[in-house]
Amino acid sequence: MDKRQEYELIRKFLKENDYDDYDEIDQTDDMVIIYISWGDWKHSHLRVDYLMKQLGYVLVNEDVTEENGDDSYSSIHFYTKL
């Protein structure tokens, strides 16, 4: 499967699971990168990790980009295929 097909599969799967809390999905040769702005830690961040795991991806890093001590924060999630 090429990168474009994989991208469409991920977008479709997230949409089918009523997940639209991300701002952008990006890809490199070996990673999928999902950007989330001010998402709730449980409903946005943990949920996308769970959904990506269902597609065979594992979270390898999460870079928090904005936080204010509340339950919501912004971060970039980095996934690789198992």
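**Close-up 1. The N-terminal end of helix α2 is capped by D40 in this predicted model.** A side-chain oxygen of D40 lies 3.0 Å from the backbone nitrogen of K42, and D40 thereby caps the N-terminal end of α2. The helix covers residues 41-54, and because each residue is expected to contribute 1.5 Å, its 14 residues should span 20 Å, which agrees with the 19 Å that separate its end C-alpha atoms. Within α2 there is nevertheless a kink of about 30°, centred on R47.

**Close-up 2. The buried residues of α2 and their surroundings.** S44, H45, V48, D49, L51 and M52 are the buried residues of α2. What covers them includes a helix, α1 (3-16), together with the strands β2 (32-40), β3 (57-67) and β4 (72-81).

**Close-up 3. G56, just after α2, takes a positive phi of about 95°.** G56 is found in the loop between α2 and β3. Leaving aside residues up to four places away in sequence, G56 touches T80, K81 and L82. K15 is 41 residues from G56 along the chain, and the C-alpha atoms of these two residues are separated by 17 Å.

**Close-up 4. Helix α1 and its two sides.** At the start of α1, a side-chain oxygen of D2 reaches to within 3.2 Å of the backbone nitrogen of R4. The 14 residues of α1 should span 20 Å at 1.5 Å a residue, and the end C-alpha atoms are 20 Å apart, which agrees with that expectation. The buried residues in α1 are E6, Y7, I10, F13 and L14. Seen down the helix axis, the buried residues of α1 fall within an arc of 135°, so they line one face of the helix. An α-helix has 3.6 residues a turn, so residues three or four places apart point the same way. R4, K12, K15 and E16, by contrast, are exposed on the other side of α1. What covers the buried residues of α1 includes the strands β1 (24-27), β2, β3 and β4, as well as helix α2. Just after α1, D18 takes a positive phi of about 55°.

**Close-up 5. The largest nonpolar core, with I10 among its most connected members.** This core holds 15 residues, of which I10, V32, I34 and M52 touch the most other members. The elements that give two or more residues to the core are α1, β2 and α2, and α1 gives the most, with four residues. I10, one of the buried residues of α1, touches I25, V32, M52, L55 and Y57 when residues up to four places away in sequence are not counted. Two of these partners, V32 and M52, are themselves listed with I10 among the members that touch the most others.

**Close-up 6. H77 in strand β4 and its contact with H45.** H77 has its place in strand β4, and because its relative accessible area is 0%, H77 counts as buried, the cut-off for that term being under 20%. The side chains of H77 and H45 are joined by a polar contact of 2.9 Å, and H45 is one of the buried residues of α2. Beyond residues up to four places away in sequence, H77 touches V32, I33, I34, I36, H45, V48, D49, L59, N61 and E62. V48 and D49, which appear in this set of contacts, are also among the buried residues of α2, while V32 and I34 are among the core members that touch the most others.

How values were computed
Residues numbered from 1 in each chain as written. Predicted model: local features only at pLDDT ≥ 70, side-chain atom pairs only at ≥ 80, totals over all residues. Heavy atoms only, no water. Expected span 1.5 Å × (residues − 1). Bend = angle between axes of the 7 residues up to and from the residue. Buried < 20%, exposed > 50% of the residue type's maximum accessible area, 1.4 Å probe, protein only. Contact = heavy atoms within 4.5 Å. Polar contact = N/O pair within 3.5 Å; in protein donor to acceptor, adjacent residues only side chain to side chain. Arc of directions from axis to C-beta. Core = buried A, V, L, I, M, F, W, Y, C linked by side-chain atoms within 4.5 Å.
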